[in-house]
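This report walks through selected features of one protein chain, moving from a sheet to individual side chains. Please keep the sequence and the 3D view at hand while reading.

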Amino acid sequence: MAMVLEGIIGLALLMLLFIALVLLFVCKPWRFFFSPNRTRTIKVGDLERPLVPEDLDLVPNQSNELGRSYDLGGSCVQSEGYLNSPRTHGLVHKPRIPPAPPHLVQDGSLILDLISDASEDVLVGQTLKRPFMLNHSIEEQSHIGKEELSYDLKFDSENDRFQAFVRQDIVDQRSSLTLEVISGPSRGDQCSISSTNTSRLPLTLGRVSPSDLLVKDSEVSGKHALINWNLNKLKWELVDMGSLNGTLLNSQSVNHPDSGMRHWGDPVELASGDIITLGTTSKIRVQIASETKCQVPFGLGIASDPMALRRGGKKLPMEDVCYYHWPLPGTDQFGLFGICDGHGGAAAAKSASKILPEMVASILSDSLKREKVLSRQDASEVLRDAVSRTEAFMNHHYEGCTATVLLVWADGHENFYAQCANVGDSACVMNVDGKQIKMTEDHRVTSYSERQRIKEIGEPLKDGETRLCGLNLARMLGDKYMKEQDSRFSSEPYISQVVHINQGSRAFALLASDGFWDVISPKKAMQLVFQMKERCSPDRENSAEKVANFLLSEARTLRTKDNTSIIFLDFDTNSRKSSCKLDP
């Protein structure tokens, strides 16, 4: 009997010991003793992305040490009169960096242990799919940093003309902003700034110093709102900085819907004549004056949207870049309009959008080459050379972009010529007197022309193969690492035929990134353009802009899943302007 009792007691002790070991393993109490600098584990999918916004111009300096100054490329003085002018309105949505909870910050650093969520794809617009590239080693990241540094040095040392070109282009498209407080305790205060005075941007509005426009109103937050110049869209934009009492633009709220959380609102475009209301009593009138030396001699509309509402409402980073230059520096007859759609990031697209116009301008600055284009009415050599030089100049190993550019020139008799070059899948179509003209070639791996090109170089694609090294594009700018790994990648551009636009022609051109063409066919796009042009009065200055925004709205309605950018050129006689009209 005693032996049985001892056996039962022993078995009970073993069970208790087993239970204790299990609890010890589950609870892991040693982590409290051997991990003093604990990190919080957060899934990538739980973060509001991107952690770094794509438009650095919109990132506010949260620790603004700028001294109080009203000298912002203009002055802040007592008002002597009100400013009046018409307005247009539009919205541009951009993400912002969410504030870090205090318990995640140690010694000024944000400590996060990121775990990728395997359930979430890594596709952006279905262009990039290369998971093996997402986890760069420390050495690779260091290499990227050095490569960007060498890229900047290359600009400074090898191409001083590029810097002069950028400065000249910014001056040619500069804008001045004047804010005047027309009601409230600070009535009469006025502040002005130029878009070229980037060291003083963004301009802040608030109740306490160092706000650039100090509004002494108890209903105004210390840091209430800011205004910045969007260089990509060439527009002034207003952003509510999570104010307590909100911000109104023409009586419409622009602050974040959840005002209790002090989130920032989305950027909203400003126009002359707008009224900004801070709180309920302080109203500010907006006056915008263009300082552009020469304006585009035909209708121009530009619209873009990151199309953020997908995958549960998470915001997409904006990797499209739209740009135009009329006239190109050193020429008075040529202009360039283009779209670059980045993948792997926006850096390559931003670089290409700056370098490519400079290369075209540099080539056309040669009087012999310029005269050759005008006499032959063909710019194929110029466009091909410019794209080649741009590719050679870019030093992006892990990022790339499409490039679609439309070169337009005048013959001095109110006639125009247009010719397009492209790599990638951002497309351009034209319509002249009802005839649709395709100006670009599709360079996706799935396109017939690309599969034939790849077959001719001796390395044909397998049946069903739709990507090269994770990319659905076979031609692009940048992506130097990929091109080193696979010779089937190319940066050779497609050059279109020259389109002659007579003075009496009814013609227009439409450039758009693949986010638009994914949901709208060229034929449907032409129908939409004609539909909108019938609605718009032909003598309205902003009719081209209305067409561009209408097309963007249609793509949004059809739920495109990629960044969408549109440039619309209207060559109709009623939309034409003098080639170089000086602003008063």
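## An open sheet

In what order do the 5 strands of the open sheet lie, and is their pairing mixed or uniform? In this predicted model, the order is E8-E7-E9-E10-E13, and the pairing within the sheet is mixed. Strand E8 (213-214) and strand E13 (268-269) form the edges, each of them pairing on one side only.

Within this sheet, strand E9 (residues 225-230) and strand E10 (residues 235-240) are joined by 6 bridges and pair in the antiparallel sense. The register can be read from asparagine 228, whose bridge partner in E10 is glutamate 237.

## The chain as a whole

The protein chain contains 12 helices and 28 strands, and of its 584 residues 49% are buried. Where contacts join residues at least 6 apart in sequence, 70% of them connect residues at least 24 apart. The chain exposes about 28600 Å², of which carbon and sulfur atoms supply 54%.

## Nonpolar cores and aromatic pairs

In soluble globular proteins, nonpolar side chains tend to be buried together. Here the largest nonpolar core comprises 53 residues, and those with the most contacts inside it are Leu406, Val408, Leu569 and Phe571. A second core, separate from that one, has 34 residues and includes Ala361, Trp409, Tyr417 and Ala421.

The count of aromatic pairs comes to 13. In one of them, the ring centres of phenylalanine 298 and phenylalanine 337 lie 5.8 Å apart with their planes at 50 degrees, and because that angle falls neither under 30 nor over 60 degrees, the pair is classed as tilted. This pair links distant parts of the chain, since phenylalanine 298 is in the loop between strand E15 (282-290) and strand E16 (299-305), whereas phenylalanine 337 belongs to strand E18 (residues 334-343), 39 residues apart. Phenylalanine 298 has a relative accessibility of 0% and therefore counts as buried; phenylalanine 337, with a relative accessible area of 0%, is likewise buried. Both rings belong to a cluster in which ring pairs link Phe298, Tyr324, Trp326, Phe337, Phe416 and Phe571.

## The ends of helix H6

What does the side chain of aspartate 366 reach at the start of helix H6 (residues 367-376)? One of its side-chain oxygens comes to within 2.9 Å of the backbone nitrogen of leucine 368. After the helix comes glutamine 377, whose phi is positive, near 55 degrees.

## Asparagine 563 and glutamate 319

Asparagine 563 is located in the loop between helix H12 (543-557) and strand E28 (564-570), and its relative accessibility is 0%, so it counts as buried. Its side chain reaches two backbone atoms: the oxygen of proline 317 at 3.3 Å and the nitrogen of glutamate 319 at 2.9 Å. When neighbours within four places in sequence are left aside, the residues in contact with asparagine 563 include Asp305, Pro306, Leu316, Met318, Asp320, Ser513 and Gly515.

Glutamate 319 itself lies in the loop between E16 and strand E17 (320-325), and its relative accessibility of 7% is under the 20% cut-off, so this residue counts as buried. A polar atom of the glutamate 319 side chain lies 3.1 Å from the backbone nitrogen of glycine 345. The C-alpha atom of glutamate 319 is separated by 5.9 Å from that of aspartate 341, although the two residues are 22 apart along the chain.

## Strand E27 and its neighbours

How many of the 6 residues of strand E27 (residues 507-512) are buried? The count is 6 of the 6, so the strand is largely enclosed by the rest of the structure. In a regular strand the side chains alternate between the two faces of the sheet. Both faces of E27 are covered, with Ala507, Ala509 and Leu511 buried on one side and Phe508, Leu510 and Ala512 buried on the other.

E27 runs antiparallel to strand E22 (residues 427-432), to which 6 bridges join it, and phenylalanine 508 in E27 is the bridge partner of asparagine 431. E27 also pairs with E28 in the antiparallel sense, over 5 bridges, and in that pairing alanine 512 stands opposite isoleucine 566 of E28. E28 is also the strand that follows the loop holding asparagine 563.

Conventions
Residues are numbered from 1 along each chain as its sequence is written. This is a predicted model: local features need pLDDT of at least 70, side-chain atom pairs count only at pLDDT 80 or more; totals for chains, interfaces and linings use all residues. Side-chain values use heavy atoms; hydrogens and water are left out. Two strands pair if DSSP finds at least two bridges between them. Helices (H or I, at least four residues) and strands (E, at least two) are DSSP runs, numbered from the N terminus. Rings of Phe, Tyr and Trp (its six-membered ring) pair if their centres lie within 6.5 Å; planes under 30 degrees apart count as stacked, over 60 as edge-to-face and the rest as tilted. Buried means under 20% relative accessible area, exposed over 50%, partly exposed in between (1.4 Å probe, protein chains only). A nonpolar core is a set of buried Ala, Val, Leu, Ile, Met, Phe, Trp, Tyr and Cys residues joined through side-chain atoms within 4.5 Å. A polar contact is a pair of N or O atoms within 3.5 Å; within protein, one must be able to donate a hydrogen and the other to accept it, and residues adjacent in sequence count only if both atoms are side-chain atoms. Contact means heavy atoms within 4.5 Å. Accessible areas come from the Shrake-Rupley method with a 1.4 Å probe; for residues, only the protein chains shown count as cover.
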